[in-house]
Amino acid sequence: MNSIWNKNLSLFKQRFPQLAKMMENQISFFEKYAGTENEKSLLYPFWEISNAKNGGITAKENLLQIHSAYNPQREAENLINSKKDEIKDANAIIFEGFGLFYAPKIVAALFPKKTIILIEPDINHFLAAMLLVDAEELFSHNSIIFACGASTKQTITLINQFGILNSVFFSSPAQISHAQKYFSELSTLIQRNKNKEKINNATLEKFRTLWFRNSKRNIYKTAILEGVNIYKSRAKNLPFLVLGAGPSLQKILPRLKELKNKMIIVCVDTALRALLQQKIQPDFIVLTDPQYWAYRHIAGLKSPESILIAENSVYPSVFKFECKKIVCCQSQIPVAQFFEKYCGKQGYLGAGGSVASCAWTFAKFCGAKDIFLCGIDLSFPKKQTHIKGSTFEQKIYTTSNKIKPAETAAMPLLFGGNASWEKDFYGNPVLSDQRMKMFAWWFESNIAASPETRTFTLSPEGLFIPGVEIFELKKLSALPDILPRKKEFLSAAQTAEEKLRREQGFKVAVKEFNAELQNALNICRNALKSLNAPNFNAEEYKSQLEKLKIASILQLVVPTNLNSLQENEQNLKIFKSIEEFCSKYFL
């Protein structure tokens, strides 16, 4: 029996008992043949093992040298040193494939407090490395994760927990050659998630002040409003129709009166004006964008039969909209999340980056098994940007003149976002851009993760989204009448007891929130007084701030991450920012 294998296996089972149990069959096979004359041919036929010039073990796979033939240890050291500065600031160090553990072992020794993630889709490659190399440094590391045999979607979810932009990645073509399809898919997901995070960070930077201002003005209303969770899982087997303001919305408008009895109709804010012009009031309107221009889509309109779904950070005038009632979904803003802990959950509809993704999530949240999309083109069919009659189109025509006609005004929308020709559901070319392709990827990912829900498109001339099926308009007439069940679903409401708990919780939350603001204010003022003292310790004040219940709120306030506390000039900037915020934000 192989002594390295015995040692590694014992350590592995102690540290990762559940993972070892999942690999039980493969481990049994390795145990049977480890140390026998058939070891190489049965357990690692994919590797050509040899001794390097320095005496260490090395290997080839698919005719590629997966480690140096001269000094694999030094090769790995040079690799890690090339990214040493990045690793110091990272939350996680991620290895896409790892061969014989050389680089991960060096990282484990140099960075005992960093999270290390080892990704290997083929369990046999992982066990073969355990058979050949002493990996005690890895199994005894404080924070190490083996993503072995996991799907790409499971792996990307794991990576996202540590912040994909705050992670350092290592990938060697030779070490991933045995699973090129897997790592190619994973690489695509990593890049998409990086792009998404960059967009989210840019959005945060752009709208941070607006979010906080709106959130403060709205908190008295939104904290005690009903949440969308009153509809959670109550619409099982009821079909939903989600409407965007894309050009293809035009084709469904004449059928909406008929469909009111066959579907629950959810429209995004940009589509409302076009529906009301056809005298159609949707069942739900979704508006979650904090900008004033988002409010303009519903300004001056009224839809007394509709329920408006809003979020704490929307423009305050949204709450004056004349409708059946307003319900809230959980906010992305930590101020509102603080109050939700005291007042009760309102229901999370995700963060897909677009109001259309929020509308789809709401339908799924309600328990829909069939979701139909129309007007969510994520492209410019026939080079049109929006449906006729939408706020977008009306604004273009009302502001056009001889020098800047409507056609010219629409050009930035068509070609301002890295436009490219893609394919529609029929395989025909359609113009799209990077931003809309990101939204399409969101739909693709979430639809794939929700096999219990089928998503159909009534507008196949839009950008193709894998997982979405074409549904012919002529088949809509065959859908059954759901009016009695629909009325019952729409009548959902919170109880008097729940309303009272929200109101009482709000009073407690205000008191607690103000107390936390005062604590943060005191910490910052003490820090500013001591800033130039010889024994000033920024970490001490940082630790005090991180222990506060409003730490996540303060993290968004500062012009840079709290982890950047180091130089006095930077410290001054951070503590001043928090002091200014706390002074203004008392409720």
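# Exercises on burial, core and cavities

Of the chain's 587 residues, 51% count as buried, where buried means under 20% relative accessible area, exposed over 50% and partly exposed in between, with a 1.4 Å probe and protein chains only. The model is predicted, so that local features need pLDDT of at least 70 and side-chain atom pairs count only at pLDDT 80 or more, while totals for chains, interfaces and linings use all residues. Residues are numbered from 1 along each chain as its sequence is written, and side-chain values use heavy atoms, with hydrogens and water left out.

**Exercise 1.** Determine the state of leucine 490, buried or exposed, and describe its surroundings.

*Solution.* Begin with the secondary structure: leucine 490 is found in helix 21, residues 483–490, where helices (H or I, at least four residues) and strands (E, at least two) are DSSP runs numbered from the N terminus. Next take the accessibility: leucine 490 counts as buried because its relative accessible area is 13%. Then list the contacts, meaning heavy atoms within 4.5 Å: with neighbours within four places in sequence set aside, leucine 490 is in contact with Tyr231, Asp283, Phe284, Ile307 and Lys324. Finally, consider isoleucine 230, which is 260 residues from leucine 490 in sequence, although their C-alpha atoms are 9.7 Å apart in space.

**Exercise 2.** Identify which residues of the largest nonpolar core touch the most other members, and which helix gives the most to this core.

*Solution.* A nonpolar core is a set of buried Ala, Val, Leu, Ile, Met, Phe, Trp, Tyr and Cys residues joined through side-chain atoms within 4.5 Å. The largest such core has 85 residues, and those touching the most other members are Tyr231, Phe240, Leu243, Leu256, Phe284, Phe362 and Phe489. Helix 16 (residues 355–365) gives the most to this core, namely 7 residues. Apart from this core lies another, of 51 residues, with Phe12, Leu19, Ile93 and Ile123 among them. To look at one member of the largest core in detail, take leucine 256, which, leaving aside neighbours within four places in sequence, is in contact with Leu241, Leu243, Ile265, Leu275 and Ile280.

**Exercise 3.** Find how many cavities of 30 Å³ or more there are, and describe the lining of the largest cavity.

*Solution.* On a 1 Å grid over the protein atoms alone, a cavity is a set of points where a 1.4 Å probe fits but cannot get out, whereas a pocket is an open set with protein on both sides within 12 Å along at least five of seven lines; lining residues have an atom within 4 Å of a point. Points are joined across faces, edges and corners, and a volume is the space filled by probe spheres set on them. The count comes to 3 cavities of 30 Å³ or more. The largest cavity holds about 100 Å³ of space and is lined by 16 residues, of which Thr222, Ala223, Ala336, Glu340 and Gln346 lie nearest its centre. Helix 11 and helix 15 (334–343) are the elements that give two or more residues to this lining, and helix 15 gives the most, with 5 residues.

**Exercise 4.** State the volume of the second largest pocket and name the residues nearest its centre.

*Solution.* The second largest pocket contains about 720 Å³ of space. Its lining has 29 residues, of which Trp442, Ser445, Asn446, Ala449 and Ser450 lie nearest the centre. Helix 10 (152–160), helix 11 (180–222), helix 16 and helix 20 (434–448) are the elements that give two or more residues to this lining.
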